[in-house]
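Subject: Structure handover

Hi,

Here is the structure you asked about. Please open it next to this email and follow along. My notes on the ligand site and the empty space come after it.

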Amino acid sequence: MKLSALNASPIDYRKLVTEHGSPLLVLDGDAIRKQYSSLQKALPGVALHYALKPLPHDAVIAVLKELDGYFDLATNGEVDLVRDVGVDPARCIHSHPIKRDSDIRYALEYGCKTFVVDNICELEKFVAYKDVAKLLLRVSFRNPDTKIDLSKKFGCRQEEALTLLKQAKELGVNIIGLSFHVGSQAVNPMRHSNAVAACNQIIAEAAAQGITLSTLDIGGGFPVSYDGKAFDIVEYCAPIREELAKLPAHIRVLAEPGRYISAPAVTSVSSVMGIAQRGDQTWYYLDDGVYGSYSGQIYDHMVYPLSFPYASGKPQLSVLSGPTCDSIDVIREDIMLPPLKVGEIVIGHVMGAYTWASATEFNFFRKANFVVVNGPRQMKAVNAA
Ligand SMILES: Cc1ncc(COP(=O)(O)O)c(C=O)c1O
């Protein structure tokens, strides 16, 4: 990513750190709006259910609620979050394929009635709720193009789908459609479009057996750029749109985007705590690291673009380390950086997905506080969470 472009940001990070402390995560509601509307443009007619897991933050939910968005939940905590923001439960689905009975009841009590299953054990749990619950059958489509291949862990085999649909019919459980997730940061759109084609085939086979399906949920996985290269989501989705157009006209299509909506909306602000010269490398110890906001480098396998808006001078071989006492807590090694001072600010970009959500407080280094800018209209213009 071009550092000059990143540094052109109008946000005064020093002022934010003075007011709110460090480390911080700056969440920009306008970026959420922009991502949501560009994905809407790329997938016209598809109901976009924001998957809360990459960034379960109430300001994101509130911004999307103002845009008449939909939501994808997976846990009781996520149910609590949307309920607290006042989201209509009819605009939510619960897409965790494996749930306890108590989780099903928790979501139903809120009013969320659409769930996902992918096996007979899960299907049988819904016999007790067959008069209220509507189900989507998740089908597995493996994706070797991504490190986050969610179909390894979830989804029935394509050959099993028809049998499960018939079993549901025998149990009197209402399966209304199919769902899939082709893996997160799915850089190849053919993974989505091939999965849509395969589901279209299953829908036709089911219809031939007298089982009418009305819904297809194409999951999440829509990627963002982590290297500063321009990325056009409308162009990316072209093969997906082409395949969606072949579905029977009565099929309602929904999606569960997470990363695409939230990743570009958060900027990490951390500060240098200490500096040590070790051999030919200058080590900078920041107050945030891979146990904190940079946890996505471990769990999500992403590397975030960095910038140093206030640094100048001759670049030298450096290491950027997190604050904890663990040696794994290193953000970047062998990089050329201008000299930094104690207290100097380091910026991490595109850090709104699977970062803070998976951060820990190991060693009692607290998680970064949020500062929301351009937030929902009913909240203050800038507020710290
Ligand atoms: C069921 C489900 N839906 C949606 C998502 C969001 O995916 P992404 O962030 O890749 O869009 C995930 C991610 O794990 C998921 O498991």
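A residue counts as near a molecule if one of its heavy atoms lies within 4 Å of it. Keep in mind that this is a predicted model.

**The ligand**

By that cut-off, 15 residues surround the ligand. Ser184, Glu256, Gly258, Arg259 and Tyr354 are the closest. Sorted by class, this shell holds 5 charged, 6 polar and 4 nonpolar residues.

Here are some polar contacts to look up:

- His181: an N or O atom of its side chain is 2.9 Å from an oxygen atom of the ligand.
- Gly258: a polar backbone atom is 2.9 Å from an oxygen atom of the ligand.
- Asp72: an N or O atom of its side chain is 3.3 Å from a nitrogen atom of the ligand.

How much of the ligand's accessible area does the protein cover? On its own, the ligand has 390 Å² of accessible area, and the protein covers 92% of that.

**The pocket**

The ligand takes up the space of the second largest pocket. That pocket holds about 690 Å³ of space. It is lined by 28 residues, and Lys53, Ile148, Leu150, Phe154 and Tyr354 are the closest to its centre. Tyr354 is thus a name to mark twice: it is among the closest residues to the ligand and among the closest to the pocket centre. The lining divides into 8 charged, 9 polar and 11 nonpolar residues.

Where does this pocket lie relative to the two domains? Domain 1 (4–25 + 264–373) and domain 2 (29–262) both contribute lining residues, so the second largest pocket lies between them.

**The cavity**

There is also enclosed space to look at. The count comes to 1 cavity of 30 Å³ or more. The largest cavity holds about 70 Å³ of space. Its lining has 13 residues. Nearest its centre are Asp288, Tyr291, Gly292, Pro323 and Phe365. By class, the lining of the largest cavity has 5 charged, 4 polar and 4 nonpolar residues.

Best wishes

Definitions and conventions
Residues are numbered from 1 along each chain as its sequence is written. This is a predicted model: local features need pLDDT of at least 70, side-chain atom pairs count only at pLDDT 80 or more; totals for chains, interfaces and linings use all residues. Side-chain values use heavy atoms; hydrogens and water are left out. A polar contact is a pair of N or O atoms within 3.5 Å; within protein, one must be able to donate a hydrogen and the other to accept it, and residues adjacent in sequence count only if both atoms are side-chain atoms. Accessible areas come from the Shrake-Rupley method with a 1.4 Å probe; for residues, only the protein chains shown count as cover. On a 1 Å grid over the protein atoms alone, a cavity is a set of points where a 1.4 Å probe fits but cannot get out, and a pocket is an open set with protein on both sides within 12 Å along at least five of seven lines; lining residues have an atom within 4 Å of a point. A molecule sits in a cavity or pocket if more than half of its atoms lie within 2 Å of its grid points. Ala, Val, Leu, Ile, Met, Phe, Trp, Tyr, Cys and Pro count as nonpolar, Asp, Glu, Lys and Arg as charged, and the others, Gly among them, as polar. Grid points are joined across faces, edges and corners, and a volume is the space filled by probe spheres set on the points. Domain bounds come from an automatic or database domain assignment.
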